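Dear colleague,

I am handing over the structure below, together with some notes on what was found in it. Please have it open beside this message as you read.

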Amino acid sequence: MVGQIFPLGGGMMTNLTEIKATLKYGRFVQGWRIGLLYITIFISCIIPVCTIIMLISSFYGIFSWEEEMLFGMVFGNTFSILLATVCIYYLCRHKKVKNQVKIWLFDAVPITAKVTRVDILDSRYKPYQIKVEFFYNEKQYKQFSDPGNFFTGYRKIFLQFTKEDCKILYSPKFGQIMFQRN
């Protein structure tokens, strides 16, 4: 449930919709972007259904095919099936990420951390990679974000959090960092 409230380790409560990003996955996608994926899947399914109706119509002699039309239908169906497959993949991935974030929130503790960009300091780091430094139970922790690439995307959202006193949620049980909306 999206509106579900989770207790934080410090006695505070947080809502799943307040999470803006995680250090492991980058942007935490919610709202209209997920709705857009569902709409895209629905529209992508219309083309193959129309093709089936046209095939049945041509079987009964109501409709006849032309060579250019056949090429267009094959191309349109291939594109729509590929588009639907990509959208379904992203929806499945989102569900997995959402379930993991829910689990992380059960023992999350609000902490103030120092977040810095490491990609501009050293050329070995990929674009928009950050380092999060904080203290928890009198022990210092340093974690780096995964580097983005062409397929996973460059995580430009991390630039919003680069500051000396960034408020984060840290899950000590899983060692995961989450960033809240301001």
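The notes below deal with the strands and how they pair.

Please keep in mind throughout that this is a predicted model. Its seven strands form an open sheet with antiparallel pairing, and the order across that sheet is S4-S3-S9-S8-S5-S6-S7. The edges are taken by strand S4, residues 26–27, and by strand S7, residues 139–144, each of which pairs on one side only.

Starting from the S7 edge, strand S6, which covers residues 130–136, is joined to S7 by six bridges, and the two run antiparallel. Within this pairing, Tyr136 has Lys139 of S7 as its bridge partner.

Strand S8 may deserve a slower look. Five of the six residues in this strand, which spans 166–171, are buried, that is, under 20% relative accessible area, and S8 is therefore largely enclosed by the rest of the structure. On one side, five bridges join S8 to strand S5, residues 109–117, in an antiparallel arrangement, and one of the pairs places Thr112 opposite its bridge partner Lys167 in S8. S8 is also joined to strand S9, residues 176–180, by four bridges, again with the strands running antiparallel; here the bridge partner of Tyr170 is Ile177 in S9.

S8 and S9 together form a hairpin, with four residues lying between the two strands, and in that turn Gly175 has a positive phi of about 65°.

With best wishes

Definitions and conventions: Residues are numbered from 1 along each chain as its sequence is written. This is a predicted model: local features need pLDDT of at least 70, side-chain atom pairs count only at pLDDT 80 or more; totals for chains, interfaces and linings use all residues. Side-chain values use heavy atoms; hydrogens and water are left out. Two strands pair if DSSP finds at least two bridges between them. Buried means under 20% relative accessible area, exposed over 50%, partly exposed in between (1.4 Å probe, protein chains only).
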